[in-house]
Amino acid sequence: MSKIEELKKIKEDIEADKNLPLVSKPEDVIPGDGNPDAKIVFIGEAGGYHESIQRKPFVGQAGKLLDKVFVEIGIERKDVYISNMVKTRPPENRDPTPEELSAFGKYLDRELEIIKPKVVVTLGRFSMGKFLPFAKISSVHGKVHKLQWKDRDIVIVPMYHPAAALRNGNVMAQFREDFLKLPEILKEIDTPEIEQMNLL
Ligand code: URA
């Protein structure tokens with residue numbers, strides 16, 4: 001199966017999973033979206049109104065902010081992959097519960113297993129909590145965390161959620177500053193370690 005077919009299979013499996021909370025019909029599902037060969041994956045929390053209509057992550061106001069910062073750092077949506085912890089819209093856009101996060105977790109694991117990104121940018125505290133369960137976003141945002149994830153080296157860069165940035169000017173400044181570091185982080189990861197040592 002190609003990566004595209006494997007990702008499509010995940011969508012179908014979610015749609016058919018009768019044990020998932022918050023999914024009463026296949027159309028409730030908001031699957032991950034983007035480039036199956038992406039070096040960088042962004043993970044949000046759960047869909048909102050616009051995402052539930054278009055069945056695509058980050059297409060509302062928070063998504064517009066993401067698109068804006070993508071342009072600022074010279075990347076395009078088609079280069080990256082975007083998904084959510086919870087692949088549907090919780091009622092009244094409330095926070096996802098631990099049970100909901102856990103129920104959808106295996107599907108995000110499968111997406112990461114297929115895409116094998118070099119960098120995962122977590123947007124907000126829920127996706128950060130998957131990889132850095134004890135971290136506080138105010139202390140770790142914008143910093144590179146190298147860790148082993150399912151026997152693979154992976155780099156996690158936690159960032160504030162774009163919706164939080166839209167609500168608070170200080171968070172917006174941090175969010176943009178963190179985002180502007182991404183090209184440098186990607187460049188460093190692409191530089192072989194021996195070259196990095198010579199640079200020191
Ligand atoms: N917020 C999220 O966390 N994800 C979306 O897809 C949209 C808004």
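This short talk walks through the sheet of this model and two of its helices.

Please keep in mind that this is a predicted model, in which local features need pLDDT of at least 70, side-chain atom pairs count only at pLDDT 80 or more, and totals for chains, interfaces and linings use all residues. Residues are numbered from 1 along each chain as its sequence is written, and side-chain values use heavy atoms, with hydrogens and water left out.

Let me begin with the sheet, where helices (H or I, at least four residues) and strands (E, at least two) are DSSP runs numbered from the N terminus. The sheet is open, with 6 strands in the order 1-3-2-4-6-5 and mixed pairing, where two strands pair if DSSP finds at least two bridges between them. Strand 1 (33-34) and strand 5 (145-149) each have a single partner strand, so one side of each is left without a neighbour in the sheet. Strand 2 (residues 40-46) and strand 4 (residues 119-123) run parallel and are joined by 4 bridges, and Phe42 of strand 2 has Val121 as its bridge partner in strand 4.

Now to helix 3 (residues 61-72), whose buried residues, meaning under 20% relative accessible area with a 1.4 Å probe and protein chains only, are Ala62, Gly63, Leu65, Leu66, Val69 and Phe70. They cover an arc of only 155° around the axis, taken from the directions from the helix axis to the C-beta atoms, which puts them on the same side of helix 3. On the other side, Gln61, Lys68 and Val71 are exposed, that is, over 50%. Just after helix 3, Gly74 takes a positive phi of about 75°.

Finally, the buried residues of helix 1 (residues 3-16) are Leu7, Ile10, Ile14 and Glu15. These fall within an arc of 135° seen down the axis, so they line one face of helix 1.

Terms used:
The expected span of a helix is 1.5 Å times one less than its number of residues.
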